Amino acid sequence: MRVVSLVPSLTEAVAATLPGLLVGATDYCTHPVGLDVPRVGGSKYPDLDRILGLRPDVVLLNVEENRRSDAEAIEAAGVRVRLTYPRTVDQALDELADLLRDLGSSREPAWLARARTAWAAVTPGTPPRGVVVPVWRRPWIVAGGDTFTSDVLRRLGLRNLYTEATDRYPRPTLDDLRAAAPDLVVLPDEPYPFSAADGPEAFPGIRCALVSGRHLTWYGPSLAEAPRLLAAQLGRPAAGSPA
C-alpha cells in the first residue's frame, strides 16, 4: 500500500507503526525526526499534482486541518481518501486504532497501548482551573469547546472558558481574553510559535504556561507521553508570570 499523509499526527503514527507505507507527507510533518519521504506542500494548500504523481492508494486527511475541496479533488482523481476528526482523547485513540488496522497493522502498536494506559491513569484535580488557549495572535484565536485540545486540558483538570462558544475557534479581542479572568493562559508553541518573549507579555498579572503544541494538539505517538509532559509544563509558570 502507498500512503500520502496530509496530517502531521497521522504521518508520525503511520511511520512509527508501518514503516515503508508512507510515500509522501506535508512540509509540516516534522515527526518522526529524519523522515525521508517526498514533501507535497502544506496541509491547507498541498500540491495536488505532486500528490497524485506519487500514485497513492490512500491519502490521509483531517476534517479540521485540510480543505474539503482538496479531498474532493483527490477523490475525483480516483484515489481513496481517509478522513479523521477526533474531538476527544478517547475518539483519537479509537480512530488511530481503526486507521492503523485498515492500513495493515495486525495488532495495536505498543505506543498506542501506552497512550491508553497513560490517559486512563490521569486523575484531574478539583476544582478545575479556568483557562484560555490562544492558538494564534494577530488576530487572537482560541480553542473552543468542541476540540481535541479542549478535551486534553479537561482530562488534565482544566476548564476551557470558551467551552460554550458557538464557534469551535472563537476570535475574541485581547480585552475579551483578559476580561474572562482565566486562572491560567495556555500558550502552545504551534500553530503560532508562542514563547517566553512572545505571548505572556499580553497578559500582565495573569499566570501563563508555555506548552508543547505537539503534545497538546497532535493525536499520535505523542499521546503516550502527553499527560506527564503537559502536567509538568502546565504547573510551571512562564518567565515573568505570577507564581
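## Buried aromatic residues

A residue counts as buried when its relative accessible area is under 20%. In this predicted model, both Phe148 and Tyr219 are buried by that criterion. Tyr192 is buried as well, because its relative accessible area is 9%, whereas Trp136, at 35% relative accessibility, counts as partly exposed.

## The pair of Phe148 and Tyr219

The ring centres of Phe148 and Tyr219 are 6.1 Å apart and their planes stand at 65°, so the pair is edge-to-face. Phe148 belongs to helix α6 (residues 148–155), while Tyr219 lies in the loop between α8 (213–217) and α9 (226–234), and the pair thus links distant parts of the chain, 71 residues apart.

## The pair of Trp136 and Tyr192

The structure holds five aromatic pairs. One of them is formed by Trp136 and Tyr192, which meet edge-to-face with 5.3 Å from centre to centre and 85° between the planes. Since Trp136 lies in strand β6 (residues 134–136) and Tyr192 in the loop between β9 (184–188) and β10 (208–211), this pair ties together parts that are 56 residues apart in sequence.

Trp136 and Tyr192 also belong to a cluster, in which ring pairs link these two residues with Trp140, Phe194 and Phe203.

## A charge over a ring

Another kind of contact involves the ring of Tyr85, over which the charged end of Arg87 sits, at 4.2 Å from the ring centre.

Key
Residues numbered from 1 in each chain as written. Predicted model: local features only at pLDDT ≥ 70, side-chain atom pairs only at ≥ 80, totals over all residues. Heavy atoms only, no water. Phe/Tyr/Trp six-rings, centres within 6.5 Å; stacked < 30°, edge-to-face > 60°. Helix = DSSP H or I, 4+ residues; strand = E, 2+ residues; numbered from the N terminus. Buried < 20%, exposed > 50% of the residue type's maximum accessible area, 1.4 Å probe, protein only. Lys NZ or Arg CZ within 6 Å of the ring centre and 35° of its normal.
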